[in-house]
Amino acid sequence: MRSRSRVHRVAPEVLTNADELERLASGEREGIAVLSGWRRDLLGKELLALLEGRLSLVIHRGEVAVEEREVT
């Protein structure tokens, strides 16, 4: 979340919050702002891909990066 907020120059709390992230992690998908509109485009799609195992977080040159994973 923080990485994407820096890239898009948006405050992290404008994109989402801890409650929404916890709800996503527990499998909830309804009524979560980061999964709709411009928030979905900036962060929501990527969060879903992380949760589904299609993306992973890695450390690259001391920074957190997102990397595509092969789905088997």
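**Salt bridges, hairpin and nonpolar patch**

Asp19 and Arg23 both belong to helix 3 (residues 18–25), where they are 4 residues apart, about one turn of the helix. In this predicted model, the two side chains form a salt bridge, with 3.8 Å between the closest N and O atoms. Asp19 is partly exposed, because its relative accessible area is 45%, a value that lies between the limits of 20% for buried and 50% for exposed.

A second pair with this spacing is found in helix 4, where Asp41 and Lys45 are 4 residues apart, again about one turn of the helix. The closest N and O atoms of the salt bridge between Asp41 and Lys45 are 3.4 Å apart. Asp41 counts as exposed, because its relative accessibility is 54%, whereas Lys45, with a relative accessible area of 47%, is partly exposed. Elsewhere, Asp19, Arg23 and Glu28 are joined into one network by salt bridges that share partners.

The count of salt bridges comes to 5. One of them is formed by the side chains of Glu46 and Arg4, with an N to O distance of 2.6 Å. This pair links distant parts of the chain, since Glu46 lies in helix 4 (residues 37–51) and Arg4 in helix 1 (residues 2–8), 42 residues apart. Arg4 counts as buried, because its relative accessibility of 19% falls under the 20% limit.

The model also contains a pair of antiparallel strands, strand 1 (residues 55–60) and strand 2 (residues 63–68), joined by 6 bridges. Within this pairing, Leu57 stands opposite Val66 of strand 2. The hairpin formed by strand 1 and strand 2 has 2 residues between the strands, and Arg61 adopts a positive phi near 55° in this hairpin.

A nonpolar patch on the surface is made by Leu57, Ile59 and Val64 and covers about 320 Å². Val64 is located in strand 2. Val64 counts as partly exposed, because its relative accessibility is 47%; the patch requires over 30% relative accessible area of its residues. In a regular strand, side chains alternate between the two faces of the sheet. Leu57 thus appears in two descriptions of the hairpin region: as the residue opposite Val66 and as one of the residues of the nonpolar patch.

Conventions. Residues are numbered from 1 along each chain as its sequence is written. This is a predicted model: local features need pLDDT of at least 70, side-chain atom pairs count only at pLDDT 80 or more; totals for chains, interfaces and linings use all residues. Side-chain values use heavy atoms; hydrogens and water are left out. Two strands pair if DSSP finds at least two bridges between them. A salt bridge is a side-chain nitrogen of Lys or Arg within 4 Å of a carboxyl oxygen of Asp or Glu. Buried means under 20% relative accessible area, exposed over 50%, partly exposed in between (1.4 Å probe, protein chains only). Patches are made of residues with over 30% relative accessible area and no salt bridge: like charges are joined within 9 Å, nonpolar side chains (Val, Leu, Ile, Met, Phe, Trp, Tyr) within 5 Å. Accessible areas come from the Shrake-Rupley method with a 1.4 Å probe; for residues, only the protein chains shown count as cover.
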